[in-house]
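Thank you all for making the time; I would like to walk through one model with you, slowly, and take a few places in it one after another. Please have a look at the sequence and the structure first.

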Amino acid sequence: MPGYTLIRNATCVATMDDADTRIPGGDVLVHDQVVEAVGKDLKAPDGANVTVIDATDKVVLPGFINTHHHLYQTLTRNLPRVQDVKLFDWLIELYEVWRGLDPEAVRVGAEVGIAELLLTGCTTTTDHFYVFPKDQPD
């Protein structure tokens with residue numbers, strides 16, 4: 001039988017549905033990474049493999065969605081020479097840096113950016129990768 005995750009006893013489960021339903025002391029039952037039920041005193045089927053997460057003093061809500069990201073830019077966001085400059089100056093300076101990106105840098109930038117998003121509750125993102133340096137693989 002596939003695995004279940006039961007998130008129990010949350011201070012509040014915020015469903016974010018059209019009715020703005022909030023369930024104090026609520027539970028969330030997840031089966032194969034799909035939310036199967038929200039409510040109180042939920043149980044997985046008898047004999048199921050269940051991982052229980054105690055959400056006491058926690059709020060449970062759906063993952064946030066980021067619809068616009070440039071993941072590779074995590075590698076250059078803290079360069080001192082582009083802090084506090086106007087957008088056009090920022091782009092001119094950083095296009096020269098981004099020209100040197102290789103596939104490994106793009107991979108590392110994406111991993112760092114995705115990890116940061118996950119740490120802040122974001123579970124879905126769209127990457128707008130538009131820099132294709134010369135002489136790099138497709």
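Before I come to a hairpin, a word on terms: two strands are said to pair if DSSP finds at least two bridges between them. Please also keep in mind that what you see is a predicted model.

With that in hand, let us start with the hairpin, where strand E2 and strand E3, the latter covering residues 34–39, pair in the antiparallel sense over 5 bridges. One of the residues involved is Leu-29, whose bridge partner in E3 is Ala-37. Between the strands of this hairpin there are 2 residues, and Asp-32 takes a positive phi near 50° there.

Moving back along the chain, we come to Met-16, which sits in the loop that links strand E1, residues 4–14, with strand E2, residues 22–31. Is Met-16 buried or exposed? Its relative accessibility is 57%, and because exposed means over 50%, Met-16 counts as exposed. Met-16 also belongs, together with Val-59, Leu-61 and Phe-64, to a nonpolar patch on the surface, and these residues together have about 400 Å² of accessible area.

Now to a pair of histidines, His-69 and His-128, which touch each other. His-69 is part of strand E6, residues 64–69, and with a relative accessibility of 17% it counts as buried, because the limit for buried is under 20%. Leaving aside residues up to four places away in sequence, His-69 touches Thr-74, Leu-117, Thr-125, Thr-126 and Asp-127 as well as His-128.

His-128, for its part, lies in the segment after strand E7, residues 122–127, and at 30% relative accessibility His-128 counts as partly exposed. Which residues does His-128 touch, if we again leave out those up to four places away in sequence? They are Thr-67, His-68, His-69, His-70 and Tyr-72, and for Thr-67 we can be more specific, since the side chain of His-128 reaches the backbone oxygen of Thr-67 at 3.3 Å. The C-alpha atoms of His-128 and Ile-65, which are 63 residues apart along the chain, are separated by 14 Å.

Finally, I would like to point out Lys-86, in the loop between E6 and helix H1, residues 87–98. Lys-86 has a relative accessibility of 64% and therefore counts as exposed. From Lys-86 to Gly-113 there are 27 residues in sequence, and in space the two are 23 Å apart, C-alpha to C-alpha.

Note on methods: Residues numbered from 1 in each chain as written. Predicted model: local features only at pLDDT ≥ 70, side-chain atom pairs only at ≥ 80, totals over all residues. Heavy atoms only, no water. Patch = residues over 30% accessible without salt bridge, like charges linked within 9 Å, V, L, I, M, F, W, Y side chains within 5 Å. Areas by Shrake-Rupley, 256 points an atom, 1.4 Å probe, with all protein chains shown as cover. Salt bridge = Lys/Arg side-chain N within 4 Å of Asp/Glu carboxyl O. Helix = DSSP H or I, 4+ residues; strand = E, 2+ residues; numbered from the N terminus. Buried < 20%, exposed > 50% of the residue type's maximum accessible area, 1.4 Å probe, protein only. Contact = heavy atoms within 4.5 Å. Polar contact = N/O pair within 3.5 Å; in protein donor to acceptor, adjacent residues only side chain to side chain.
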